Amino acid sequence: MDEIRIGVVTASDRASAGIYDDISGKAIMETMEAYLQNPLCFEYRCIPDEQESIERALKELAYEKGCDLIVTTGGTGPAPRDVTPEATEAVCQKMMPGFGELMRQVSLQYVPTAILSRQTAGICHKSLIINLPGKPKSIRECLDAVFPAVPYCIDLIGGRYMVCDETVIRAFRPKSK
Amino acid sequence: MDEIRIGVVTASDRASAGIYDDISGKAIMETMEAYLQNPLCFEYRCIPDEQESIERALKELAYEKGCDLIVTTGGTGPAPRDVTPEATEAVCQKMMPGFGELMRQVSLQYVPTAILSRQTAGICHKSLIINLPGKPKSIRECLDAVFPAVPYCIDLIGGRYMVCDETVIRAFRPKSK
Amino acid sequence: MDEIRIGVVTASDRASAGIYDDISGKAIMETMEAYLQNPLCFEYRCIPDEQESIERALKELAYEKGCDLIVTTGGTGPAPRDVTPEATEAVCQKMMPGFGELMRQVSLQYVPTAILSRQTAGICHKSLIINLPGKPKSIRECLDAVFPAVPYCIDLIGGRYMVCDETVIRAFRPKSK
């Protein structure tokens with residue numbers, strides 16, 4: 001089985017300043033360990049909510065570290081310092097609006113404020129970047145909704161072959177193109 | 001309770017020329033009066049479907065009048081003179097795609113032509129701008145769907161504290177960030 | 001009854017090279033014949049997945065051939081050569097996000113990879129352009145979902161009057177604006 005490289009980017013002024021623990025970044029890594037049977041190599045970055053720093057981290061993970069998947073958490077709301085979707089759009093060659101639509105729809109089942117999340121997804125070089133909200137609980141809900149499409153997406157962009165633990169999550173790969 | 005400043009912008013060639021009454025703008029103001037217990041100060045503009053005029057009105061309401069919320073009606077369709085979403089996007093620093101998605105989804109329960117509405121939302125300075133369709137009936141349907149998220153959104157962008165009449169609509173504010 | 005001009009653009013490296021038959025383009029034309037009672041004039045183009053060629057084809061069909069509706073198939077995925085949505089956005093004066101949202105939602109009932117489709121719609125000159133996925137089965141599912149709004153959309157942009165076979169699909173036209 002291929003070793004999968006996964007970038008995890010926490011955008012948070014407070015977590016990056018050590019004011020509190022980055023539970024969200026950890027939640028993403030634990031979820032990936034639960035989903036995937038491949039050996040995993042994480043590239044973890046915890047940075048302030050600055051568009052330039054987020055762009056730099058995303059590009060480093062995509063172009064230098066060769067991540068197949070980059071998952072961000074935080075910075076997707078309407079507040080002035082929420083700039084993760086803008087950073088994502090700035091570095092991506094292709095946007096994938098279906099991810100944000102589905103994640104908002106799923107979160108709407110729990111809270112009406114789900115529409116305030118501006119999370120999106122896109123392709124940067126050979127990496128799929130997915131924005132997740134900042135709250136650990138929402139992270140798992142969102143990933144459960146979109147992850148079944150992730151391994152096939154990564155096949156299509158020339159990434160490594162993901163093998164899911166089917167007792168946890170089922171990847172879907174259409175039989176023929 | 002804070003006085004809430006609400007901008008209401010009707011984009012309509014015919015209403016602005018006095019050819020017919022602007023029922024839609026009035027419907028928005030009545031809905032706001034029903035939703036909110038705060039004293040309200042309305043800034044009302046009825047203007048033709050010109051992108052430049054709409055942008056000017058939105059900027060005046062956001063930067064000079066200090067509106068917490070600006071609601072537009074009209075100009076969201078596919079016709080050549082429907083330019084409200086373009087004007088909104090031009091003046092906003094952040095777009096909020098979840099609003100348009102949810103409003104179209106709700107309207108789809110009534111009419112299949114709901115997908116023709118290009119309505120969106122975004123943040124301009126410290127104002128939340130929401131586009132609504134032109135028809136009074138759709139206005140209430142759309143506002144009922146998205147308004148529960150509006151007070152918290154306005155908290156996050158530094159606006160005044162909205163208090164809803166909970167017998168009419170329930171605002172949702174997450175317990176902790 | 002007006003003769004309706006419909007552009008059909010298949011974006012496919014393999015179909016355009018004659019490696020396989022373009023079943024998708026044919027499926028679109030058959031669906032249009034089934035939906036519409038008007039006489040139809042098809043303008044059919046089968047071209048490689050090159051953004052520039054797709055843009056040129058879309059513009060020719062909109063500006064020179066005067067198509068009321070242009071339907072594309074293929075090139076909506078995340079792969080490097082999938083560029084149909086980018087070409088569509090480049091030639092359109094207005095984007096119609098509701099089409100892509102609804103088509104993805106409908107396809108999600110069948111496959112979780114529906115979120116990988118980046119299909120959109122927009123107005124170019126006096127033509128409505130709709131992107132469809134490449135697979136014949138998905139084409140009909142998507143068209144069945146959005147077509148009820150198409151005739152009214154084309155009325156609004158000044159196109160010819162479509163008459164549907166109501167035993168197959170029902171167009172919806174609101175009573176009054």
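These are my notebook entries on confidence, chain contacts, symmetry and helix packing in a predicted model.

**Entry 1. Ground rules**

I number residues from 1 along each chain as its sequence is written, letter chains from A and number ligands from 1 in the order in which they are written. Because the model is predicted, I accept local features at pLDDT of at least 70 and count side-chain atom pairs only at pLDDT 80 or more, while totals for chains, interfaces and linings use all residues.

**Entry 2. Confidence**

I looked up the scores before anything else. The model has ipTM 0.95 and pTM 0.97. For chain A the average pLDDT (the predictor's confidence in each residue, from 0 to 100) is 97, and 99% of the residues in chain A score at least 70. I keep in mind that predicted coordinates should not be read in detail where pLDDT is low.

**Entry 3. Chain C against chain B**

I counted contacts between these two chains, taking residues as in contact if their C-beta atoms, placed from the backbone, lie within 7 Å. Chain C gives 17 residues and chain B gives 14. On the chain C side, the elements with two or more residues in the contact are α5 (97-108) and α7 (150-156). I take helices (H or I, at least four residues) and strands (E, at least two) as DSSP runs, numbered from the N terminus. α5(C) makes the largest share of that side, with 5 residues.

I then sorted the chain C side by class. Ala, Val, Leu, Ile, Met, Phe, Trp, Tyr, Cys and Pro count as nonpolar, Asp, Glu, Lys and Arg as charged, and the others, Gly among them, as polar. The result is 14 nonpolar, 1 polar and 2 charged residues.

**Entry 4. Symmetry**

I checked how chain C maps onto chain B, with copies superposed by least squares on the C-alpha atoms of residues with pLDDT of at least 70 in both. A rotation of 120° with 0.0 Å of shift along its axis does it, at RMSD 0.0 Å. That is therefore the relation of a three-fold axis. In chain C, E101(C) has the C-alpha nearest the axis, 4.3 Å from it. Only 6% of the interface residues of chain C are also interface residues in chain B, so the copies meet through different surfaces.

**Entry 5. Chain A against chain B**

I repeated the superposition for chain A on chain B and got a rotation of 120°, a shift of 0.0 Å along the axis and RMSD 0.0 Å. E101(A) comes closest to the rotation axis among the residues of chain A, its C-alpha lying at 4.3 Å. Here the copies use different surfaces, with 7% of the contact residues of chain A recurring in chain B.

The contact takes 14 residues from chain A and 17 residues from chain B. I sorted the chain A side into 7 nonpolar, 4 polar and 3 charged residues.

**Entry 6. α5 and α6 in chain A**

I turned to helix pairs, with axes as lines fitted to C-alpha atoms, for helices over the stretch in contact, and angles from 0 to 180 degrees between N-to-C directions. Helix α5 (residues 97-108) and helix α6 (residues 136-146) of chain A pack at about 125°, their axes 9 Å apart. I count angles under 35 degrees as roughly parallel, over 145 as roughly antiparallel, 65 to 115 as roughly perpendicular and the rest as oblique. α5(A) and α6(A) are therefore oblique to each other.

Their crossing is right-handed (near helix turned clockwise from the far one by less than a right angle; anticlockwise would be left-handed). α5(A) contributes F99(A), L102(A), M103(A), V106(A) and S107(A), and α6(A) contributes S138(A), E141(A), C142(A), A145(A) and V146(A). By class I have 7 nonpolar, 2 polar and 1 charged.

**Entry 7. α2 and α6 in chain B**

Helix α2 (residues 23-35) and helix α6 (residues 136-146) of chain B pack at about 30°, with axes 9 Å apart. α2(B) and α6(B) are therefore roughly parallel, and they pass in a right-handed crossing. I listed I23(B), S24(B), A27(B), I28(B) and T31(B) from α2(B), and P136(B), I139(B), R140(B) and L143(B) from α6(B).
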